[in-house]
Amino acid sequence: MITVNYGKDWAKTTYETLSASDISSYLRADMAVALKPNLVNATHPSEGATTHPEVLEGIIQFLQDFGVRQIKIMESSAIGNSTKRAYKVCGYEYLTKKYGVPLVDLKNAPTKTLHHSGLDIQIAAEALAAEFLIDVPVLKAHCQTRLTCCLKNLKGCIPENEMRRFHTLGLHTPIGALAALLPIHYCVVDGICGDLSFEEGGSPVESNRIIAGRDALLVDSFCAGLIGYKPEDIGYLVHAQKSGVGSFFSEQVPVVELNTANKPTLQQKSTRIAERYRKGNSNIVEKDACSVCYAALIFALHRANSGNTKTICIGQSFKGESNPEMLGIGNCTANFSDYVKGCPPKAVDILERLNG
């Protein structure tokens, strides 16, 4: 079962969504509940990259009315970003003040190493200990994996060194393995204004919807269709299905829609910025690049003039290599005679070099 609700009072809309969903069949009042939003960086949710605090507020209100008293919010922002700053900029401190819900930073938290699909994966011990984990991602596009929603949001439960390693492994296989190791007990998707170009926001698309369901893979495959992809187009969804994480959405799955009169009357069309610059379609050579680094490059390319004629190299596999003819992006290309420093580099610095 998937529940979809539309509205602009986002806390109320979220509460209504959970009330109409089947979450009560799985939840107990004596459970310790952890909420995992997507705070990839410190940008306001209106930019389409981060989970609205009002969605968390609606969940907290529902849980407390249900009788749940042990609630925490946990997250680790993307490589090079401060989780504490993201909590502040995104408006989460209000939730602690009003509802007494602590904000946990998993950035340097203790981990446990688990094994799946031939991989040893470090996972935050506190996330593994959650009795009932509610995943609260943003429905948006991703510059490398096309979709980021429920399963990919689990990357915020691993340390930065593991995040980097995931990119060397191609993202899809380790994300599928992580989904098999870290159970999601319920999903509440922020579909308010996710960016359908890439994960760091800037081009939000108004949808004003909240999507909820028990099966994270089912919800992800349903959400993939909402932004124009089949689940088979998303590698980590395929890996997760093969690992027995859940099932793909089909027309036989009941979908309950609420308040459909509140659907936006005019849908913005995605420019699919990331799709324009996917490897093979431009002068980018990408080898095991971290998403935040790759996204910064795309952000800069989208705004750059056409002055750059060099082939652009980005990714961890360029460590130790040197090339006088190509432009390197990030500290992994520090041996290039021409490179933009940073881990990750700033888009503004890349843009300055491209326009130089």
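1. Leaving aside neighbours within four places in sequence, with which residues is Leu 151 in contact? In this predicted model, the contacts of Leu 151 outside that window are Asp 135, Ile 175, Ala 179, Ile 184, Ala 216, Leu 217, Asp 220, Tyr 236, Leu 237, Ala 240 and Val 245.

2. Leu 151 is also one of the residues with the most contacts inside the largest nonpolar core, a set of 55 residues, and it shares that standing with Ile 121, Leu 147 and Ile 211. At least two residues of this core come from each of strand 1 (2–6), strand 6 (119–124), helix 6 (160–168), helix 7 (172–181), strand 10 (186–191), helix 8 (216–226) and helix 9 (235–242), and helix 8, with seven residues, supplies the largest share. Another core, of 33 residues, lies apart from this one and includes Leu 63, Leu 95, Val 101 and Ala 212.

3. Turning to the sheet, eight strands form an open arrangement in the order 4-3-2-7-10-11-1-12, with mixed pairing. Strand 4 (103–105) and strand 12 (255–258) are the edge strands, each pairing on one side only, and neighbouring strands are turned against each other by 20 degrees on average, direction ignored.

4. Within this sheet, strand 2 (residues 32–37) pairs with strand 7 (residues 132–136) in the parallel sense over five bridges, and Leu 35 has Ile 134 of strand 7 as its bridge partner.

5. As for the helices, helix 1 (residues 10–20) lies across strand 1, strand 10, strand 11 (209–213) and strand 12, and runs at about 150 degrees to strand 1. Helix 2 (residues 53–66) packs on the sheet, where it touches strand 2, strand 3 (70–75), strand 7, strand 10 and strand 11, and its direction makes about 170 degrees with that of strand 2.

Conventions:
Residues are numbered from 1 along each chain as its sequence is written. This is a predicted model: local features need pLDDT of at least 70, side-chain atom pairs count only at pLDDT 80 or more; totals for chains, interfaces and linings use all residues. Side-chain values use heavy atoms; hydrogens and water are left out. A nonpolar core is a set of buried Ala, Val, Leu, Ile, Met, Phe, Trp, Tyr and Cys residues joined through side-chain atoms within 4.5 Å. Buried means under 20% relative accessible area, exposed over 50%, partly exposed in between (1.4 Å probe, protein chains only). Helices (H or I, at least four residues) and strands (E, at least two) are DSSP runs, numbered from the N terminus. Contact means heavy atoms within 4.5 Å. Two strands pair if DSSP finds at least two bridges between them. Axes are lines fitted to C-alpha atoms, for helices over the stretch in contact, and angles run from 0 to 180 degrees between N-to-C directions.
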